[in-house]
Structure formats: C-alpha cells, structure tokens
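Trainee: I should like to learn how to read the features of a structure that is new to me. May we go through one together?

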Amino acid sequence: MDTAELMKAARQGKLNVIDKYLDDGGNPNVHDELKRTALHRASVEGHTAVVQTLLEKGADVNFEDQLGSRAIHWACRGGRLGVVKALRSHGADLNVRDKLYSTPLHVATRTGHTTIVEYLLSCCAKINSRDREGDTALHDAVHLNRFKIVKLLIDAGADTKIKNHEGVTAVQQVKQWQFDIMETLQRLEKLREVGPENTARERND
C-alpha cells in the first residue's frame, strides 16, 4: 500500500485497511508531501477508532506537519471530543504551539467547537496564550462572534486586558467592530439619500 492509499483510508475511517497495513509492518508515521500523517488525517475527520489503533501501533502523537501542527491541532479543528481525549491519553500536549504560535485552544475557538473548548479548559489548558499576532483565544472568539465561547473563556478567567500586537484588547475589538458597523451603516444611508430617486428629482427641479 502506498502513502496516498493509507492517507485515504485514514481520512475515510477504514479501520480494516489501516489494520492490515500495520500488521504487514507498515510505518505508522509515514507522511505526505505536507508532512501530514495518517494520524493527522484521522484526527481531523474524527475517526476515534483509527486514531486509537494508530497510537497503539506506534504513531507519534507529537509528529509535526509542515506548519508545525500536531494531531491535537487537527483534532480540535475537526471537533470530535473522543479523538481529543484519545490523543491526550497518549501524551498530547494541550498547550503545544504550531508555527503561528496557535494552541489547540486557539484552533477550537476559531472553528467554533464549543465542546472542545470546554474540555480544554477543564483540563487547565493555558487560557491566555497568545499567537503570532498577539491574539488570545478571547481575541479570536470576539473577532469571530463566537458568543458562547466568549462566555466560556471569560467565566474560566480569561484576561480581558491583554493587548495584541496592534495594542488592542478583546473588549476594544468589540468597540472597534461596533464602530465599523456604524460607519458602514452611515455610508449606506448617505448612498441611499443620493440614490436614483433623489438624483432624478434633482434633475426635474
């Protein structure tokens, strides 16, 4: 079986194919051109049984793809709690960063997986970690209007006063967003005031 077939089986959750590959002595850490392994693929697609098998047969839970993402990042993107739990039970670091300094909490927040955010917080994931832009998970949640996650993060003690590299706190982001909306509405109103009807009336006058 070549790498492409293994990746396809992992993506589709075909446990029997994975089992045969591993029983025949296949390397569980073989990867594609982007350095993504079968564990990465199965993690994002939420195939818990495949993830468990790969881990038991020697898959490296800390293997980094081209962007420095590990299986735990992919699992948080996929949103399947069982996969996240399986990876954690095999030693996955819940505070690990990729090349953009994003933690699993950042990823789960951005993708809107409330259950994963809850779980990470219950496992004492670092709530105020900042990515390459200086944004915390709270910055991301506010920016993407993830209201339930905003509440979860604040209830869990997220620091609302942390500034990102633009010098903006998550709270100030809300104010900026409101200001931008107001500006847009005012601009639309002005356009409507000088719309086709008004223009035609002016010509008739």
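**Reading a helix and its surroundings**

Mentor: Let us begin with what surrounds a helix in this predicted model. The buried residues of α6 are covered by elements that include α3, α4 (48-56), α5 (71-78) and α8 (114-122).

Trainee: Which residues of helix α6 are buried?

Mentor: A residue is called buried when its relative accessible area is under 20%. In helix α6, which spans residues 81-89, these are V83, V84, A86 and L87. They lie on the same side of α6, because the arc they cover around the axis is only 160°.

Trainee: What phi does G91 take, just after α6?

Mentor: The phi of G91 is positive, at about 95°.

Trainee: Turning to helix α3, is S43 buried or exposed?

Mentor: S43 belongs to helix α3, formed by residues 38-45. S43 counts as buried because its relative accessibility is 0%.

Trainee: Which residues does S43 touch, leaving aside those up to four places away in sequence?

Mentor: With those set aside, S43 is in contact with V51, A71, W74, A75, V83 and L87. Two of these names, V83 and L87, also appear among the buried residues of α6.

Trainee: Where does UniProt place the feature "repeat: ANK"?

Mentor: The unreviewed UniProt entry gives it at residues 34-66, 67-99, 100-132 and 133-165. Within residues 67-99, the chain is 52% helix and 0% strand, with the end C-alpha atoms 6 Å apart. For residues 100-132, the chain is 48% helix and 0% strand, and 5 Å separates the end C-alpha atoms.

Technical notes: Residues numbered from 1 in each chain as written. Predicted model: local features only at pLDDT ≥ 70, side-chain atom pairs only at ≥ 80, totals over all residues. Heavy atoms only, no water. Helix = DSSP H or I, 4+ residues; strand = E, 2+ residues; numbered from the N terminus. Buried < 20%, exposed > 50% of the residue type's maximum accessible area, 1.4 Å probe, protein only. Contact = heavy atoms within 4.5 Å. UniProt positions renumbered as here; feature names shortened; annotations may be inferred. Arc of directions from axis to C-beta.
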